[in-house]
Amino acid sequence: MESNRRWALVCGASQGIGRAVAQSLSEQNWNVALLARNESELNRLAQTLKTETYIWVQDLNDHTGLREGAQRLLKKVGAVSALINNSAGPKGGPLLLAEASELENALRTHVMAAHILTQAMAVGMKEQKFGRIINVISTSVKAPIPNLGVSNTIRGAMANWAKTMSLELGPFGITVNNVLPGYTKTDRLMALKSASAERDGVSPQTIEQNWLKTIPGGRFAEPREIAEAVAFLASEKASYISGINLPVDGGRTASL
């Protein structure tokens with residue numbers, strides 16, 4: 001393996017957008033640390049990548065394990081130059097009906113886990129005077145999405161956390177950005193479609209057609225299309241882009 005390759009840490013790498021991000025970064029010559037709970041899927045993914053990999057089996061809700069695992073990773077690879085914070089969203093439903101524990105768990109898995117990882121990885125990024133922190137969140141930070149009450153709340157907190165971090169870390173050559181996927185062909189989308197169909201008493205096909213009508217592009221995204229946006233923001237070419245929310249949604253989001 002080439003010793004001068006930079007390392008990226010991709011959270012939620014076992015499936016969906018996280019898996020596609022790992023693949024895209026490897027193709028862009030990054031070594032990739034793969035974090036998720038599903039060890040077998042991580043190993044399967046690692047076998048397909050052309051660059052060096054590091055397998056990290058971890059639940060983002062376990063903050064003690066997260067801190068300890070971060071130090072093991074850094075001891076092994078030296079420094080991580082790109083951190084991709086990505087985690088499955090909480091279950092859908094109106095915010096008013098959500099238990100306080102749902103908000104707490106989502107906060108732990110998203111904002112707090114990202115914060116812990118950033119604190120650990122920023123040390124090496126500062127030393128290198130180079131770093132990329134990219135959060136895969138949601139277009140709900142631009143306009144809340146009906147029946148995703150907990151997700152809307154936590155994603156908004158994540159976006160403001162990221163903007164604050166971009167101001168603090170900018171002087172060290174570290175950028176912090178958010179990628180906002182629209183409807184994307186993932187297991188998460190299928191679960192939301194089924195839940196919406198059950199709630200509204202219609203077929204999943206009806207829900208899908210209704211969603212497609214809201215997308216000027218007329219189709220759902222492939223995970224790879226989200227991943228390519230992440231890979232660009234991780235590259236040298238994106239060195240003067242920081243503190244932004246980048247929708248990758250086929251034009252669906254109504255706001256600028």
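This short presentation describes the sheet, the helices packed on it, the nonpolar cores and one tryptophan of the structure shown above.

Good morning. Please keep in mind that this is a predicted model.

Let us begin with the sheet. Strands of a sheet pair through backbone hydrogen bonds, and the pairing can be parallel or antiparallel. In our structure the sheet is open and has 7 strands, with parallel pairing. Read across the sheet, the order is β3-β2-β1-β4-β5-β6-β7. At the edges stand β3, residues 53-57, and β7, residues 245-248, each of which pairs on one side only. From one strand to the next, the twist averages 15°.

I turn now to individual pairs of strands. β1 and β2 run parallel and are joined by 5 bridges. One residue to find here is Cys11, whose bridge partner in β2 is Leu35. β2 also pairs with β3, again in the parallel sense, over 5 bridges. On that side, Leu35 has Trp56 of β3 as its bridge partner. Towards the other edge, 4 bridges join β6, residues 174-181, to β7, and these two strands run parallel. There, Val179 stands opposite Leu246 of β7.

How are the strands connected through helices? β1, helix α1 (residues 16-27) and β2 make a right-handed β-α-β unit. A right-handed unit of this kind is also made by β2, α2 and β3.

Is β2 enclosed or open to the surroundings? Of its 6 residues, 6 are buried, so the strand is largely enclosed by the rest of the structure. Asn31, Ala33 and Leu35 point one way from β2, while Val32, Leu34 and Ala36 point the other way, and all are buried.

Next, the helices that pack on the sheet. Helix α2, residues 39-46, touches β2 and β3, and its direction makes about 170° with that of β3. Helix α4, residues 100-128, lies across β1, β3, β4, β5 and β6. Relative to β4, helix α4 runs at about 170°.

This brings us to the nonpolar cores. The largest has 39 residues. Which residues have the most contacts inside it? They are Leu9, Trp56, Leu73, Leu117 and Met121. The elements that give two or more residues to this core are β1, β2, β3, α3, α4, α5 and β6. The largest share, 10 residues, comes from α4.

Leu9 deserves a closer look. Leaving aside neighbours within four places in sequence, Leu9 is in contact with residues including Ala33, Leu35, Trp56, Leu73, Leu117 and Met121. Among its other contacts are Val80, Ala82, Leu83 and Ile84. There is also a second, separate core of 32 residues, which includes Ala8, Ala20, Leu42 and Ala231.

Finally, I draw your attention to Trp211, which lies in helix α7, residues 204-212. Is this residue buried or exposed? Its relative accessibility is 14%, and the cut-off for buried is under 20%, so Trp211 counts as buried. What surrounds it? Beyond its neighbours within four places in sequence, Trp211 is in contact with Tyr183, Leu189, Leu192, Lys193, Ser196 and Phe220. For Lys193, the separation from Trp211 is 18 residues in sequence and 9.3 Å in space, C-alpha to C-alpha.

To close, let me return to two points. The sheet is an open one of 7 strands with parallel pairing, and α4 gives the largest share of the largest nonpolar core. Thank you for your attention.

Definitions and conventions
Residues numbered from 1 in each chain as written. Predicted model: local features only at pLDDT ≥ 70, side-chain atom pairs only at ≥ 80, totals over all residues. Heavy atoms only, no water. Pairing = 2+ DSSP bridges. Axes fitted to C-alpha atoms, helices over the stretch in contact; angles between N-to-C directions. Contact = heavy atoms within 4.5 Å. Core = buried A, V, L, I, M, F, W, Y, C linked by side-chain atoms within 4.5 Å. Buried < 20%, exposed > 50% of the residue type's maximum accessible area, 1.4 Å probe, protein only. Right-handed = clockwise from strand over helix to strand, strands pointing away.
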